[in-house]
Amino acid sequence: MLDRLLAEVQDHTRHFLGYPVSKDFDYSPLFPFLQYPLNNLGDPFVDCTYTVGSREMEKYVVEFFARLFRAPANDWWGYVTNGGSEGNLYGLYLARELYPKAMVYYSEATHYSVQKNLHLLNMPSIMIRTLPNGEIDYNDLEQTMGMNRHMPVIMLANIGTTMTEARDDIGRIKDILKRLAIRHHYIHADGALSGSYCSFLDPRPAFDFADGADSIAISGHKFIGSPIPCGVVVAKRSYRDRIARSVAYIGSMDTTITGSRNGHSPLFLWYALKSLGLAGLEKRARHSLSVAAYAVDRFRENGIAAWRNPDSITVVFPEPPGNIRRKWQLASENGWSHIICMPNVETSQIDTLLAEMTAASVMV
Ligand SMILES: *Cc1c(COP(=O)(O)O)cnc(C)c1O
């Protein structure tokens with residue numbers, strides 16, 4: 001059964017364009033660590049009685065992203081999560097503890113985990129319309145916030161929506177808050193895919209702490225790549241201090257969502273960041289962007305109405321037939337599908353997919 005599963009995984013990994021998961025990693029130097037029960041129980045920045053873990057690496061990973069996201073020098077904190085969804089849950093949790101009577105705003109194109117998180121946290125929320133590209137409709141947002149001006153605002157901003165990788169502009173959201181004179185607000189940026197490379201774009205999208213975010217969540221297994229789903233959440237340290245609770249049993253602070261925490265994921269992320277560095281990450285982004293540009297051009301040359309948001313690696317096009325969607329694992333919604341040009345995707349894969357799509361349309 002193991003052999004069969006391995007063959008199946010290898011085969012299915014080859015044709016994989018529809019989900020934002022990088023596959024070009026080699027973590028073999030870390031294999032010996034799979035023999036040990038690494039567990040980063042508790043707060044990464046507070047020592048713990050349980051010492052079989054990778055806290056030093058976790059702190060490095062959090063600091064790397066705190067700097068990249070221009071967090072205030074003495075007011076950042078974070079941890080390695082089990083994925084973007086947990087990072088979003090954490091951001092909303094901090095926001096709720098700060099503003100228990102706030103209204104949450106998020107757009108129609110928001111990831112499905114957010115509604116579930118809001119339900120878990122029992123937070124009132126309003127869904128805002130999106131523009132055709134998947135970005136939040138700022139007029140609808142301003143009008144809706146205006147009707148609830150007496151309530152603090154918790155804004156869930158999408159820094160790359162799941163379907164079209166549209167980015168809500170935190171600068172414009174701050175302008176709206178200013179016009180409405182709403183002083184009590186919290187902005188959480190869901191940067192699951194895009195957040196990992198937005199800092200390298202020019203113009204740089206308004207998405208990070210310097211732009212007005214209070215917390216940012218990314219997925220680790222998406223742009224960077226990891227055999228185990230993981231993520232990073234970075235928040236202002238002062239907010240985390242408000243929820244911190246010391247727990248004698250673990251000899252650390254209970255500041256994260258789960259008790260036991262994966263100690264291997266920080267190792268993978270640390271290894272990737274150390275090997276790539278900022279320059280390597282930027283190079284991955286450039287490669288992805290150029291493959292996405294190539295895909296849009298080639299699709300359009302062949303009569304397929306493909307498009308992408310500015311500086312995004314997600315290419316959207318009318319849904320192809322079922323057999324093609326199944327083979328390439330293409331998600332689809334409302335008649336649209338997408339491919340995500342992750343750093344491991346090459347133009348030859350685009351050519352193969354395109355050839356299959358044009359052959360299919362000739363047959364129809
Ligand atoms: C993938 C994704 C998430 C969820 O991240 P996981 O790592 O799968 O938990 C949240 N938001 C957006 C926009 C995503 O694309």
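Q: The bend at a residue is the angle between axes fitted to the seven residues ending there and the seven starting there. On which residue is the kink in α8 centred?
A: The model is predicted, so local features need pLDDT of at least 70 and side-chain atom pairs pLDDT 80 or more, while totals for chains, interfaces and linings use all residues. Numbering starts from 1 along each chain as its sequence is written, and side-chain values use heavy atoms, without hydrogens or water. Helix α8 covers residues 264-301 (helices are DSSP runs of H or I, at least four residues; strands are runs of E, at least two; both are numbered from the N terminus). The kink in α8 is about 90°, and its centre is Gly277.

Q: What distance does α8 span between its end C-alpha atoms?
A: Helix α8 has 38 residues. A straight helix of that length would span 56 Å at 1.5 Å a residue (the expected span is 1.5 Å times one less than the number of residues). The kink of about 90° sits within this helix, centred on Gly277. Between its end C-alpha atoms, α8 spans only 45 Å.

Q: Which glycine follows α8, and what is its phi?
A: Look just past the end of helix α8, residues 264-301. The glycine there has a positive phi. The residue is Gly303, and its phi is near 80°.

Q: In what order do the strands of the open sheet lie?
A: Three strands take part, and their pairing is antiparallel (two strands pair if DSSP finds at least two bridges between them). β10 (314-318) and β11 (332-333) each have a single partner strand, so one side of each lacks a neighbour in the sheet. That puts β10 and β11 at the edges. The order is β10-β12-β11.

Q: Which residue of β12 stands opposite Glu333?
A: Strand β12 runs over residues 336-340. It pairs with β11 in the antiparallel sense, over two bridges. Opposite Glu333 stands Trp336.

Q: What is the relative accessible area of Asn334?
A: Asn334 is in the loop between β11 and β12. Its phi is positive, about 50°, although it is not a glycine. It counts as exposed (over 50% relative accessible area; buried is under 20%, partly exposed in between, with a 1.4 Å probe and protein chains only). The value for Asn334 is 72%.

Q: What is the relative accessible area of Asp311?
A: Asp311 lies in the loop between α8 and β10. Here too phi is positive in a residue other than glycine, near 50°. Asp311 is partly exposed, at 27%.

Q: Is Val52 buried or partly exposed?
A: Val52 sits in the loop between α1 (2-14) and α2 (55-68). Its relative accessible area is 37%. That makes Val52 partly exposed.

Q: What omega goes with the peptide bond between Asp202 and Pro203?
A: Pro203 is found in the loop between β5 and β6 (215-219). The bond joining it to Asp202 is cis. Its omega is about 5°.

Q: How far is the C-alpha of Leu92 from that of Lys327?
A: Leu92 belongs to helix α3, residues 84-98. It is buried, at 0% relative accessibility. Leu92 and Lys327 are 235 residues apart along the chain. Their C-alpha atoms are separated by 36 Å.

Q: What distance separates the C-alpha atoms of Tyr186 and Lys327?
A: Tyr186 lies in strand β5, residues 185-190. Its relative accessible area is 0%, so Tyr186 is buried. Along the chain, Tyr186 and Lys327 are 141 residues apart. The C-alpha separation is 42 Å.
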